[in-house]
Structure formats: C-alpha cells, structure tokens
Amino acid sequence: MKYVFLDAGFDVGFGDVILVLFIIPLGIILLEAFVMYQLKFNKAFAKCFLDSFLANLATVVVGYLVGAFLTPNISIGRGNIIGILGAFTLSVIVEGLILFALNNKKPSRKVWKTSLIMNLASYVALIIVTLI
C-alpha cells in the first residue's frame, strides 16, 4: 500500500504505518523547526515548531493533490531523481508561501532562504533514512 505523507511517498506494510504517519513526520517537523531556529527565523522555538508544522501540513495536502490528480504515474520512491526533485521543489515553494503568510513582516529573501535550507535538511535526512 502506498502512503503519501510529508514530502515523500513510501510503499509500506501495515507494520510501518506508525513510522510513516507519526515518527518520520514528527522528525521532519522537528528538524525543520531546529533549522529555522538556528537560522534565527523566529526567536522562540515553539513558533518555529508551529510554522514548520503548518508548512508541512500544507505541503502534505498540496503534494497529495498533485500526486493524485496531476501526476498519478510518477513515483517519489527510491531511485526516482525526477520525482524527488519535483517533490523537493514543490516543498520549497509551498512551505515558502506558508512561511511568508505566517511571517509577512519578514523579508522575502529570508523566508525563501529559510524554506530552501530547511527543506534541504529534511530531504537529506529522508534520503539517508531510506538508504539505511
């Protein structure tokens, strides 16, 4: 069965559902919040966590819709560099827009830089996890 959650599609059995639906997403949200905090995007880690959670939630919704309606035959699985690059680009754009909406007083350059760096961190982490 294929589950699409937080920027990536995973082919998993029933035993992996907890990992895919809770542990990996929480790890991604925490990692991206930590990156935002280190970049001094917000002063409070709790605000970084909330922004990361909302941005990733939006990415899940948009990613699911894009995957379901526009690109039903493209997999984001292991070895598909085009799918991974497409998902990464979509993540940067969607999360950048959400971060900009949540922090509209911040310079757009800082918002886009933050979105790019935090998604680089999470995609590198996802690639490492899938290679293990």
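**Note on the predicted model**

1. D51 and K47 are separated by about one helical turn, because they stand 4 residues apart in helix α2. Helices (DSSP runs of H or I, at least four residues) and strands (runs of E, at least two) are numbered from the N terminus. D51 and K47 form a salt bridge, with their closest N and O atoms 2.8 Å apart. The term salt bridge requires a side-chain nitrogen of Lys or Arg within 4 Å of a carboxyl oxygen of Asp or Glu. A search of the whole structure returns 1 such pair.

2. The model is predicted: local features need pLDDT of at least 70, side-chain atom pairs count only at pLDDT 80 or more, and totals for chains, interfaces and linings use all residues. Residues are numbered from 1 along each chain as its sequence is written, and side-chain values use heavy atoms, with hydrogens and water left out.

3. The two partners of the salt bridge differ in burial class. D51 counts as buried because its relative accessibility is 0%, while K47 has a relative accessible area of 28% and so is partly exposed. The classes are buried for under 20% relative accessible area, exposed for over 50%, and partly exposed in between (1.4 Å probe, protein chains only). Over the chain of 132 residues, 36% are buried.

4. Confidence is uneven. The mean pLDDT (the predictor's confidence in each residue, from 0 to 100) is 84 for the chain, and 77% of the residues score at least 70. Among the elements, α4 has the highest mean, 93, and strand β1 (residues 2-5) the lowest, 44. Residues 1-6 stay under 50, yet the model gives them 26 contacts beyond four places in sequence. A contact means heavy atoms within 4.5 Å. Where pLDDT is low, the predicted coordinates should not be read in detail.

5. The chain has 4 helices and 2 strands, in the order β-β-α-α-α-α along the sequence. Of the contacts with a separation of 6 or more, 58% join residues 24 or more positions apart.

6. The largest nonpolar core has 8 residues: A33, V35, M36, F41, C48, L99, V111 and M118. Two or more residues of this core come from each of α1 and α4 (108-131), and α1 gives the most, with 3 residues. Another core, of 5 residues, lies apart from it and includes I84, F88, V92 and Y123. A nonpolar core is a set of buried Ala, Val, Leu, Ile, Met, Phe, Trp, Tyr and Cys residues joined through side-chain atoms within 4.5 Å. With neighbours within four places in sequence set aside, V35 is in contact with I117, M118 and A121.

7. On the surface, L26, L30, F34, Y37 and F45 make a nonpolar patch of about 440 Å². Helix α1 (residues 17-38) supplies the largest share, 4 residues. F45 belongs to helix α2 (residues 45-70) and counts as partly exposed because its relative accessibility is 33%. Patches take residues with over 30% relative accessible area and no salt bridge, joining like charges within 9 Å and nonpolar side chains (Val, Leu, Ile, Met, Phe, Trp, Tyr) within 5 Å. The chain as a whole exposes about 7900 Å², 74% of it supplied by carbon and sulfur atoms. Areas come from the Shrake-Rupley method with a 1.4 Å probe; for residues, only the protein chains shown count as cover.

8. V61 also lies in helix α2. Its relative accessible area is 45%, so V61 is partly exposed. V61 and V94 are 33 residues apart in sequence, with 10.0 Å between their C-alpha atoms.
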